[in-house]
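Student: I am new to this structure. Could you take me through it by question and answer?

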Amino acid sequence: MSKVSIIVGLQWGDEGKGKIADFLSGDYDIIARFQGGANAGHTVKVGGKEYIFHQVPSGLLRGGKVGVLGAGMVIDIIALVEELRQLEGVDYDLIIDERAHLVLPYHRVQDARQEESGRGVGSTRKGISQAYRDKYARFGIRAGSLLDEHVLKEELRRSYEFNARYFTVNLDFDELYDILLAESREIGNFIGDAVSYLKDAVEGGKKVLMEGAQGALLDIDFGTYPYVTSSHTISGGALVGLGFPWKRVDEVIGVFKAYTTRVGKGPFPTELVDETGNQIREKGGEYGATTGRPRRVGWLDLVALRYSVWINGVDYLVMTKLDVLFGFPEIKVAVGYRLHGMEIDWFPASSHRLAHVEPVYRTFSGFDDLDGAREFISFIEEHLGVPVKIISYGMDRDKTIVL
Ligand code: GDP
Ligand code: IMO
Ligand code: MG
């Protein structure tokens, strides 16, 4: 019997999706990424060894799996080749959808310049928004074009001229063309039609895990715009990003941290800028897996989570990093917001409004182990109306329990 599950982050990314995708991967044949690119940083720790995946799905380490890089992604081939070295010795196959767009070297340069100008949103500087910009402006280059030198040259000419005219290019045309040709030699065998591949696989009874990057609050439409990434990070993005019918999806798994973090700019109602925040950051190792930047840290926000649970259609929850909260004298959870003296319980669409809310907290006494956290967990389940089925309490694959 086939089975299709979508795993998504419910906060501002870094919820531990990579760890959970790896943990669950034993039950699946295929692990598919559906959006984003090298802006993602998914850490997996197995038997003391740490892996960081950016574009490759996290669930390939057990061996014998197929990784899919879907049409909704923007792929940096140079970085991908480098990343695949981590999988040396692991038996895997890979399919890059012909429809996925390429991140070109000048996209990264433009991203960095935008950030250096001070007008960026605190991006990862991987050229993500620039690659999506070219895609939507219809000047992008798709992975499939790497398979035909003539098509590649023609499309690159068009895209290059567009970028040279309106933005910045750092290489001359021939240099760039040569880079892409070299890439196509390295990766060409992996490029194919992931839509028909997934259709045949699912009809043949295979099990597919669709692994989201970033989190719901970074979604281009439903996140805290403009402080978001440039793709659909919510579960609906899996359908669009893989060309997959919703009727064949069995479940949506929502991953959240027992507290909240955010990297880059943008409103963050429960942010802690005090000693407690520093302690959580240090204990939780809250430094970016992609950029090394310290992550902003705050209490769990159930107003935001309730919104995320709805827009993703979450069937069950996975709570990560519960161990990080062990030993604090008290734990707070936002259950509402106050905005200009009025109480609201729905996550505002406007970042301007969100920047002015005051969280209304419920306080729990501290706990030192899973048993002590029972009341905290039940409260979250009741408030959100969905069960917590898996709890992660350490980096390693073993530090996970299924309730
Ligand atoms: P992702 O982007 O959602 O995959 O998350 P990241 O990998 O960027 O960030 C999560 C970090 O927390 C990684 O360093 C994980 O190894 C680590 N981690 C995941 N689950 C747990 C947990 O339950 N406890 C602790 N202490 N660390 C965890
Ligand atoms: P994973 O998959 C956390 C944030 C950046 C920035 C904004 C836009 O590891 O959870 P971009 O480079 O995408 O244009 O940056 O989005 N961001 C992430 N934050 N985790 C991520 O991925 C992120 N990917 C992008 O910090 O605020
Ligand atoms: Mg991450």
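Tutor: We will go through two ligands and then two points of the backbone.

Tutor: This is a predicted model, in which local features need pLDDT of at least 70 and side-chain atom pairs count only at pLDDT 80 or more, while totals for chains, interfaces and linings use all residues. Residues are numbered from 1 along each chain as its sequence is written, chains are lettered from A and ligands numbered from 1 in the order in which they are written, and side-chain values use heavy atoms, with hydrogens and water left out.

Student: How many residues surround ligand 1?

Tutor: A residue counts as near if one of its heavy atoms lies within 4 Å of the molecule. The closest here are K17, G41, K321, D323 and S392. The full number around ligand 1 is 17.

Student: Which element gives the largest share of the shell around ligand 1?

Tutor: Helices (H or I, at least four residues) and strands (E, at least two) are DSSP runs, numbered from the N terminus. Helix 1 (17-24), strand 3 (42-46) and helix 11 (322-325) each supply at least two shell residues. The largest share is three residues, and they come from helix 1.

Student: What distance separates ligand 1 from the side chain of R295?

Tutor: A polar contact is a pair of N or O atoms within 3.5 Å; within protein, one must be able to donate a hydrogen and the other to accept it, and residues adjacent in sequence count only if both atoms are side-chain atoms. Backbone atoms of K17 and G16 each lie 2.8 Å from an oxygen atom of ligand 1. For an N or O atom in the R295 side chain, the distance to a ligand oxygen is 3.2 Å.

Student: How many nonpolar, polar and charged residues make up the shell around ligand 2?

Tutor: Ala, Val, Leu, Ile, Met, Phe, Trp, Tyr, Cys and Pro count as nonpolar, Asp, Glu, Lys and Arg as charged, and the others, Gly among them, as polar. Ligand 2 has 20 residues around it, including D14, H42 and T229. They split into seven nonpolar, ten polar and three charged.

Student: What share of ligand 2 does the protein cover?

Tutor: An oxygen atom of ligand 2 is 2.6 Å from a polar side-chain atom of T124. Accessible areas come from the Shrake-Rupley method with a 1.4 Å probe; for residues, only the protein chains shown count as cover. Alone, ligand 2 has 540 Å² of accessible area, and the covered share is 97%.

Student: Is the peptide bond from Y225 to P226 cis or trans?

Tutor: Most peptide bonds are trans. P226 lies in the loop between strand 10 (207-211) and helix 8 (235-242). Omega from Y225 to P226 is near 5°, and the bond is cis.

Student: Is phi of D14 positive or negative?

Tutor: Most residues other than glycine have a negative phi. D14 sits in the loop between strand 1 (3-9) and helix 1. Its phi is near 60°, which is positive.
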